[in-house]
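Reader: I am a first-year student, and I should be grateful for a close look at one part of this structure. Could you please take me through how two of its helices pack, and then relate that part to its surroundings?

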Amino acid sequence: MRLNCIRRLLLVLVIWTVSVYSQADAIGPQSQSSLRRDNPANSTNPVSVSPGPLEQERLALLTKIRAAECNGVGIQPYMTVFLDLESVVRRGESQEVIRSRLDSLQHALNEQLSPHQNLVKYTVTPSAKKRIASRLMPLDKARLYILGLVNADRAKYHLAPLTIDATACAAGQMHTDEMVKFDYCRHWDMLGRKPWQRYNEAGGTCNVGENLCYGGGNESSDHLFSSAEIASLHEAFMAEKPPEDGHRLQILRPEHNKLGVGLSCSAIAGGGIRLALAEEFIDDYGRFSKLPNKIVRGAPFEVSGSLISGWKQHSIVIRWEPEPKPMTLQELESMPHSCSMPAESSSDDSKEDTMAAMKVWTKDKRAHFSVRLTPDVSWKSGLYYVFVWAGRTKDKAPTLVSTQTTHLD
């Protein structure tokens, strides 16, 4: 037992993060029926800081965002998220919620201004181990255990609890299984896919944000997981300090309402195991039609859906990036420790003749929308992201509620 404890005290975790909201290219307020492939957010409108909590810190952040433009940083995503932060202030949300939003944006901006390898090592302390009564659990119980830890942390900040999401669990499990099998930890997989594509191909149509954690232990097995070891992985997320606290902020995002958990382990030659954890945070605010896996120039495809009561459709953004390609382990290890959504639009803003085709209606107190898009010769081959933005009827700033991917040969 003493040897077991000593081994557990030597557990070292390596953690990476993906930041969805700060990295995604957002758009500013438009009419309810608008459709955009690329839209400069409020580029001509003055941005000001609203009176309220953390006013001086928000003013300093706005000044920093504006200064970043002089250093060649594209500030459109940051300014849009800042506008969303200001809408949260005007709604009268708690200081904890405002602090979480502000810290998240500050962290994302710092990462772009000062690129670094987001690698953090943690050693589990004796006091942390003492608080955790270790027991072995099957995968389904271990997922609920992680969900309980996440909800306990959110409750401390007066945030709503999450519920388990089976599709997100499947996407996360696929990734952690591969990570422990081939001994790597990145948000890309060996096929070159990012979290959004994996979740989409698993059947998900909402929006997802991913936390990854990778470490070692000796109590878990292929079929049973140590509560102490997996709690240590999660505790490391919450132990992060600003500005290096992307995982903690992901856990505390108010927009999240569901969670998927991937949890895998694999024996290491000479003893011990590799243990990988994926927390897949979902923003589920409606039902969206599944996009075809492939689209064809000249052939229309539909983007449609319905939102929960109290929400309205805002806009659609289409982004392009090169087709993902399989990667070797060496290539995976050379990838950054965080990944972002694509920043390039599918075509220039002059090709928006589909805007007028957007249909928006209300049925059973739910907002519905539908639009048919036809790729033309300006759509180059590659992977396309289709983002659906929506918001509460009382909010000015929209939320990203659906991210789907499709391929064009």
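Author: The model shown here is predicted. Within it, helix α7, residues 139-156, packs with helix α10, residues 227-238, at an angle of about 30°, and their axes are 11 Å apart. Two packed helices are described by exactly this pair of values, the angle between their axes and the distance between the axes. Since angles under 35 degrees count as roughly parallel, α7 and α10 are therefore roughly parallel to each other. The crossing in which α7 passes α10 is right-handed.

Which residues make the contact between α7 and α10? On the side of α7 they are Ala142, Tyr145, Ile146, Leu149, Val150 and Asp153. On the side of α10 they are Ser227, Ile230, Ala231, His234 and Met238. Sorted by class, the residues of this contact are eight nonpolar, two polar and one charged.

The chain may now be followed beyond α10. The loop between α10 and α11, the latter formed by residues 246-251, is the place of proline 243. The peptide bond that leads from proline 242 to proline 243 is cis, and its omega is near 5°.

The nonpolar cores come next. In soluble globular proteins, nonpolar side chains tend to be buried together. The largest nonpolar core of this model has 50 residues, and Val303, Ile316 and Val401 are those with the most contacts inside it. Strand β16, residues 382-392, gives the most to this core, namely eight residues. Leaving aside residues up to four places away in sequence, valine 303 touches Ser289, Leu291, Ile316, Phe369, Ser370, Val371, Leu373, Val386 and Val388. Apart from the largest core lies another core, of 40 residues, and Leu54, Leu62, Leu147 and Ile251 are among them.

Leucine 54 deserves a further word. Its place is in the loop between α2 (20-23) and α3 (55-69). The phi of leucine 54 is near 55°, a positive value in a residue other than glycine. Is leucine 54 buried or exposed? With a relative accessible area of 14%, leucine 54 is buried, because buried means under 20%.

Lysine 365 offers a second case of this kind. Its phi is near 65°, again a positive value in a residue other than glycine. Lysine 365 lies in the loop between β14 (359-363) and β15 (366-373). At 71% relative accessibility, lysine 365 counts as exposed, whereas leucine 54 is buried.

Key: Residues are numbered from 1 along each chain as its sequence is written. This is a predicted model: local features need pLDDT of at least 70, side-chain atom pairs count only at pLDDT 80 or more; totals for chains, interfaces and linings use all residues. Side-chain values use heavy atoms; hydrogens and water are left out. Axes are lines fitted to C-alpha atoms, for helices over the stretch in contact, and angles run from 0 to 180 degrees between N-to-C directions. Helices (H or I, at least four residues) and strands (E, at least two) are DSSP runs, numbered from the N terminus. Angles under 35 degrees count as roughly parallel, over 145 as roughly antiparallel, 65 to 115 as roughly perpendicular and the rest as oblique. A crossing is left-handed if the near helix is turned anticlockwise from the far one by less than a right angle, and right-handed if clockwise. Contact means heavy atoms within 4.5 Å. Ala, Val, Leu, Ile, Met, Phe, Trp, Tyr, Cys and Pro count as nonpolar, Asp, Glu, Lys and Arg as charged, and the others, Gly among them, as polar. A nonpolar core is a set of buried Ala, Val, Leu, Ile, Met, Phe, Trp, Tyr and Cys residues joined through side-chain atoms within 4.5 Å. Buried means under 20% relative accessible area, exposed over 50%, partly exposed in between (1.4 Å probe, protein chains only).
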